[in-house]
Amino acid sequence: MIVGIGADLCRVSRIEHSLRRFGDSFAQTFCSPREFEYAKAQSNPAVAFALCFATKEAFAKAAGTGFNADLWWDDVETVFNHDGRAQLLIDADVATCLQARLGAPAGIKVHVTTSANAELCSAFVVIDRI
């Protein structure tokens with residue numbers, strides 16, 4: 001049963017502007033070390049950073065919490081498989097908290113899909129109760 005849906009759209013130019021203004025420290029505020037290294041290795045790092053940002057925002061919306069004391073940027077990690085599909089890794093404490101909040105004692109399953117071009121990145125997240 002679906003217990004949460006979230007979507008986000010991020011302009012790549014917004015991320016590029018912030019990277020120029022604040023440097024790598026901007027991306028390091030919302031990226032894990034693995035996400036940061038992945039993005040820096042891409043031909044257009046701003047697109048990869050925007051995907052990471054949009055994915056985490058979509059997850060926070062699907063969870064129904066936004067980013068607050070119970071959920072923060074480093075509690076969720078976006079990993080791209082060898083075929084380019086995104087997957088979310090959720091901190092165990094956050095997952096347990098969400099299970100209780102969403103009435104899912106047996107657990108939750110998170111589905112994510114992303115899309116990107118040079119201008120826009122989007123992410124769509126669905127949380128299922130197991």
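Just after helix 4, Gly64 takes a positive phi of about 80°. This residue offers a convenient point of entry into the structure, which is a predicted model, and the description below follows helix 4 and its surroundings.

Helix 4 comprises residues 45-63. At 1.5 Å a residue, the 19 residues of this helix should span 27 Å, and its end C-alpha atoms are indeed 27 Å apart, so the expected and the computed values agree. Of these 19 residues, 17 are buried, and helix 4 is therefore largely enclosed by the rest of the structure.

Thr55 illustrates this enclosure. The residue is found in helix 4. Its relative accessible area is 0%; because a residue counts as buried when this value is under 20%, Thr55 is buried. When its neighbours within four places in sequence are left aside, Thr55 is in contact with Thr78, Leu88, Val112, Thr114, Ala123 and Val125.

Helix 4 also packs against another helix. Helix 3, which covers residues 33-40, meets helix 4 at an angle of about 145°, and the two axes are 7 Å apart. On the side of helix 3, the contact is made by Glu35, Phe36, Tyr38, Ala39 and Lys40, while helix 4 contributes Pro45, Ala48, Phe49, Cys52 and Lys56. Seven residues of this contact are nonpolar and three are charged, whereas no polar residue takes part. A general property of helices helps in reading such a list: an α-helix has 3.6 residues a turn, so residues three or four places apart point the same way.

Tyr38 and Ala48 appear again in the lining of the largest pocket. This pocket has a volume of about 160 Å³. Its lining also includes Gln42, Ser43, Asn44, Val47, Leu51, Phe80, Gly84 and Thr114. Helix 4 supplies the largest share of the lining, namely three residues. By class, the lining has five nonpolar and five polar residues, with no charged ones. Thr114, one of the lining residues, is also among the contacts of Thr55.

Beyond helix 4, the chain enters the loop that leads to strand 2 (76-80), and Phe67 lies in this loop. Which residues does Phe67 touch, not counting those up to four places away in sequence? They are Lys56, Glu57, Ala60, Trp72 and Trp73. Phe67 and Glu57 are 10 residues apart along the chain, and their C-alpha atoms are separated by 8.2 Å. Lys56, another residue touched by Phe67, also belongs to the contact of helix 4 with helix 3.

Methods. Residues numbered from 1 in each chain as written. Predicted model: local features only at pLDDT ≥ 70, side-chain atom pairs only at ≥ 80, totals over all residues. Heavy atoms only, no water. Axes fitted to C-alpha atoms, helices over the stretch in contact; angles between N-to-C directions. Helix = DSSP H or I, 4+ residues; strand = E, 2+ residues; numbered from the N terminus. Contact = heavy atoms within 4.5 Å. Nonpolar A, V, L, I, M, F, W, Y, C, P; charged D, E, K, R; others polar. 1 Å grid on protein atoms, 1.4 Å probe; cavity = no way out; pocket = protein on both sides within 12 Å on 5 of 7 lines; lining within 4 Å. Points joined across faces, edges and corners; volume = space filled by probe spheres on them. Expected span 1.5 Å × (residues − 1). Buried < 20%, exposed > 50% of the residue type's maximum accessible area, 1.4 Å probe, protein only.
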